[in-house]
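This report concerns metal coordination and cysteine pairing. The sequence and the structure are shown first.

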Amino acid sequence: MKAFTPDSSIASDVIPSPNFGERNKGRLVDMILLHYTGMPDVEGAIAQLCTPGTDVSAHYIVLEDGRIVQCVPEAKRAWHAGISAWAGEDDINSCSIGVEIVNRGHDWGYPDFPLRQIAAVIALCRGIMLRRNVPPHRVLAHSDVAPSRKKDPGEKFPWASLANSGVGHWVFPAPIVAGEVLKAGATSDDVRALQEALRRYGYGIPVTGKYDGATMEVVAAFQRHFRPLRVDGVADHSTMATLHALLSSLPGDAVNVAAAT
Ligand SMILES: [Zn+2]
């Protein structure tokens with residue numbers, strides 16, 4: 001593979017991956033999608049992302065010691081999102097930069113993310129946001145765009161720290177209190193309103209009025225990102241209050257775009 005000059009000035013290495021294509025119809029980047037590698041060792045993860053035939057890749061890999069490796073030029077379409085959707089769009093690879101954060105993930109013990117690794121993720125994302133004009137609310141988790149398939153980067157990922165540096169959209173989660181909840185099996189206008197609110201935020205959720213498996217998965221994905229203290233797929237008061245606080249602090253144009261789809 002041909003080497004290239006890294007787009008980010010803080011990427012220390014380039015390991016070119018052959019797994020990329022062109023962005024569909026020249027779609028400009030306006031999203032950053034964060035992942036964990038979910039593999040037991042870093043060599044295996046890099047090999048997976050950079051070997052012909054695996055059909056997966058990412059623009060960047062952030063190692064545990066904070067080093068940043070670029071594998072695909074930002075102008076190209078890397079293959080990291082898979083079947084996914086956000087705000088009415090389903091070709092997430094065409095609109096996003098994919099960042100793989102080295103972490104063994106839920107299947108291999110799910111260690112904490114080291115501070116120096118998070119500092120590197122923040123610096124990398126800030127640069128991409130500036131260069132590509134990515135708004136904070138378009139820095140998302142893989143689990144947000146593929147809630148039925150993915151958990152990464154997971155409930156241990158420190159979104160609050162990122163938000164302190166202007167990366168990602170965040171409000172302090174509403175406290176967990178006792179009270180009525182919406183959960184699996186319920187059918188009501190309240191469930192419909194919840195689904196509409198999640199959809200307005202960007203989640204790819206059908207509005208059916210029934211609290212089905214897909215609704216549970218989306219609520220769990222929402223919690224993993226925005227209310228990580230309890231990830232159970234049950235829409236309690238804290239979950240709904242946090243969702244509404246997020247919605248009311250979105251830029252106006254973002255809400256309209258999502259609602260129109
Ligand atoms: Zn992922």
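## Basis for the assignments

A residue counts as buried when its relative accessible area is under 20%, and as exposed when that area is over 50%. The structure discussed here is a predicted model.

## The zinc site

The zinc ion is coordinated by three residues, His35 through ND1, His142 through ND1 and Asp152 through OD, at 2.1 Å. Along the sequence, these donor residues follow the spacing H-x106-H-x9-D. The two histidines link distant parts of the chain, as they are 107 residues apart. His35 belongs to strand E3 (residues 31-36), whereas His142 belongs to helix H4 (residues 142-145).

Are the two histidine ligands buried or exposed? His35 has a relative accessibility of 1% and therefore counts as buried. His142 has a relative accessible area of 3%, so this residue is buried as well.

## The cysteines

A disulfide requires a pair of cysteine sulfur atoms within 2.5 Å, and by this rule the model contains zero disulfides. For Cys95, the nearest cysteine sulfur is that of Cys125, 15 Å away, and Cys95 is in no disulfide. Cys125 is likewise in no disulfide, the sulfur of Cys95 being the nearest cysteine sulfur to it. Because the cut-off is 2.5 Å, a separation of 15 Å does not qualify.

Cys95 has a relative accessibility of 0% and so counts as buried. Cys125 is also buried, with a relative accessible area of 0%.

How values were computed. Residues numbered from 1 in each chain as written. Predicted model: local features only at pLDDT ≥ 70, side-chain atom pairs only at ≥ 80, totals over all residues. Heavy atoms only, no water. Donors = N, O, S within 2.8 Å, 3.2 Å for Na, K, Ca; no water. Helix = DSSP H or I, 4+ residues; strand = E, 2+ residues; numbered from the N terminus. Buried < 20%, exposed > 50% of the residue type's maximum accessible area, 1.4 Å probe, protein only.
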